[in-house]
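Colleague: Got a minute to walk me through this one? I'm new to reading structures, so keep it plain.
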Amino acid sequence: MAEDAAARLAQLALAGGSDIDVKELLDAVLLASAWAHAERNPDSPSSNAADDTAQRRRHGRAGATASAEGAQELGSGDAVDTAHEPVASVWLKDQVGTHSVPGKRVSIGRAAALPDALDIGRALRPLRRPWLSGVHRRLDVDATVDHYTRTGMLVPRLTPAPEPWLEVIVVLDRGTAMAVWDETVRALTKMLRALAAFRDVRVWHLEHPPGDTPVLHDHHGRALSMHPDAVHHTQPARRLLLVVSDCAAPAWRQDALWRTLHTWGRTAPVALINPLPKRLWQRSGLDLPRTTATATVPASPGRLLSYRRPRLLRETEKTKPWQALPVLQLAPDQVLAWARTLMRTDPNGCEAVLVPSTGRPPLRRRHQGPPNQADAAPANDQVRVHAEAFTDDRQSNAVRLAIAASPLGSFTLPVLDVLRDRLVPEATLADTAEFLTAGLLTATRCELADTLYHFHPAAAAHLTSLLTRDQLWDTHFALSDHLAAHLQAPHGIPVVLHSPHADETLATGIRPIAYAAATTARLLGVEATDPMPEIKRRPAAGLTTETSNKPQRGTVPTSPKMPEDSPQAAELYLTLARLFRSLLARASDSHAVRPSGPRQREALTSHLIW
């Protein structure tokens, strides 16, 4: 039996090729010896630890039913108490949904809508440069004392007090696709006010009436003229205009809005914040020549920014003068580069696009984009092609976020923020935008609620085929733990806590998004009555034996395992424990030896069989 077990171990080592060495093999044998020790001494502490480890693997990773002794070690002590205690299912509220459950309305806290908000706030520190000759005056003690010593008369001497250099106007594009970024813009505006670097922070809105020209409203709600000769069109020199837009509205493919930005840039600094990834800018109205802009004086308006002229830039008398418009994403490194360029005249500059005096280059007019077909449902084949192209790099943050959200079926942007904050913390706002604009979702907009996103059936089928059991449980525990940590919050995520004894029936999604523990449910005023589901009870995730065992890039395929409580496994572990001492004595070399060549593999085989 020992020779057979050793031969099997040698075959495993040979199957790994050059990916396994003697040191890793000894680590595996050491783990097997610990299991063997647990089989001989069931009451020892190491036995209990091994049992807990095995139970967690069987429950969370292998998908089998966990026993009552190891259920509380499942990985989330806050979300669920034990496997046998009842829980309360949590459903996402859907006003237009066809499914409904009896329950209670609950508003749970939201996750941070602006990733890396602290780092972005630090990157904006160069904007705190003061304006020394302010409007207000302060007492100059040194000048007062000097005047008293020279004249003998005590007369206060006043000097201009420093004040913030700039005031900020956040121009928020209210286009159809920009509605999902309202919470992010509110977080950005709140951060700008908390920075204490500006005299004032105000928000203007750029509306897009159907079939009409865009209308700009100030912070009082008054409409401002967009004509270049209007009085309000010329901006003060110490006013910073931050335009937040994805440039996806049809008006951004015309000249009027770009001429407005060109006119603003003659007297004031202007910057465009685009939440979309850079590779998607060319598909929107932001398909202008790119360059690097530098400033010669602090708070330079657009007309004073220097830029590197692209080689293929075709200038005419009508397009002159060109202006450099800084364009950035809400990422700390890009915000820091722009802030240093604007206030510290950093010679490295920042990324920008060139805007002609006509608004758009003349050649761009000949290549109009395809007609807007946002309301038309794409074909299954087209969506499947988009999904396969989108998931080509499964290690990207956007793909990981999409796979994590695929078990939900439908979600809102605050729910996606929770998954991003807990499962993909390194993801940025551009990764979220890339997922939302990948063509895998259909959006249902509600006036008094968050936009609800539904996976297209073809996209859901493809994403769930890439979903592993680890990711399925991670999604479940991320939302359940967030619910336990943020029980009640005003203006939060509206969910429905299932309760068979509730008086009203509420419209929800087709499946629950989380499960509240019995203690959490009682705090919310609901008695938990639902059983804790098992992984194999969820056919919607598409986790079959064939798909889970299929080798996937970026995931570890699940291989059939021998039952750990079987007599064959116990006998194998005991045999490996007996072989451990001899292997450790013979592998005394401290350097790892990889069985890459045929001779080394043959020597390793004979060594193990001996």
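Modeller: Sure. Start with a definition: rings of Phe, Tyr and Trp pair if their centres lie within 6.5 Å. Also, keep in mind that this is a predicted model.

Colleague: Okay. Which residues form one aromatic cluster?
Modeller: Phe390, Phe411, Phe435, Tyr453 and Phe455 make up one aromatic cluster.

Colleague: And how many aromatic pairs does the structure hold?
Modeller: Eight aromatic pairs. Take tryptophan 131 and tryptophan 165. Their pair is edge-to-face, with 5.1 Å centre to centre and 80° between the planes.

Colleague: Where do those two tryptophans lie?
Modeller: Tryptophan 131 is in strand β3 (residues 130–131). Tryptophan 165 is in the loop between β6 (163–164) and β7 (166–173). So the pair ties together parts that are 34 residues apart in sequence.

Colleague: Is tryptophan 131 buried or partly exposed?
Modeller: Tryptophan 131 counts as partly exposed, because its relative accessibility is 28% and buried means under 20%. Tryptophan 165 is at 11%, so that one is buried.

Colleague: Back to the cluster. What kind of pair do phenylalanine 411 and phenylalanine 455 form?
Modeller: A tilted one. The centres are 5.6 Å apart and the planes make 55°. Phenylalanine 411 sits in strand β17 and phenylalanine 455 in strand β19, so this pair links parts 44 residues apart in sequence.

Colleague: Why does phenylalanine 411 count as buried?
Modeller: Because its relative accessibility is 0%. Phenylalanine 455 counts as buried too, at 9%.

Colleague: You mentioned β17 and β19. What do they belong to?
Modeller: An open sheet of three strands, in the order β17-β19-β18. The pairing is antiparallel. β17 (410–412) and β18 (441–444) are the edge strands, and each pairs on one side only. On average, neighbouring strands of this sheet are turned by 30° against each other, direction ignored.

Colleague: How many bridges join β18 to β19?
Modeller: Four. β19 covers residues 452–455. Alanine 443 has tyrosine 453 in β19 as its bridge partner. Tyr453 is also one of the residues in that aromatic cluster.

Colleague: New topic. What's in the largest nonpolar core?
Modeller: The largest nonpolar core has 117 residues. Trp258, Trp338 and Phe411 have the most contacts inside it. Another core of eight residues lies apart from it, and includes Ala293, Ala295, Ala324 and Leu354.

Colleague: What is tryptophan 258 in contact with?
Modeller: Leave aside its neighbours within four places in sequence. Then its contacts include Cys247, Trp252, Leu272, Leu286, Val355 and Arg360.

Colleague: There's a cysteine in that list. How many disulfides does a search of the whole structure find?
Modeller: Zero. Cysteine 247 has 1% relative accessibility, so it counts as buried. Cysteine 350 is at 7%, so it counts as buried as well.

Colleague: Last one. Which way do the side chains point along strand β21?
Modeller: They alternate. Leu506 and Thr508 point to one face and are buried. Thr505 and Ala507 point to the other face and are not buried.

Colleague: And what stands opposite threonine 508?
Modeller: Histidine 99. Strand β2 (residues 99–108) pairs with β21 in the antiparallel sense, over four bridges.

Key:
Residues numbered from 1 in each chain as written. Predicted model: local features only at pLDDT ≥ 70, side-chain atom pairs only at ≥ 80, totals over all residues. Heavy atoms only, no water. Core = buried A, V, L, I, M, F, W, Y, C linked by side-chain atoms within 4.5 Å. Buried < 20%, exposed > 50% of the residue type's maximum accessible area, 1.4 Å probe, protein only. Contact = heavy atoms within 4.5 Å. Pairing = 2+ DSSP bridges. Axes fitted to C-alpha atoms, helices over the stretch in contact; angles between N-to-C directions. Disulfide = S-S within 2.5 Å. Phe/Tyr/Trp six-rings, centres within 6.5 Å; stacked < 30°, edge-to-face > 60°.
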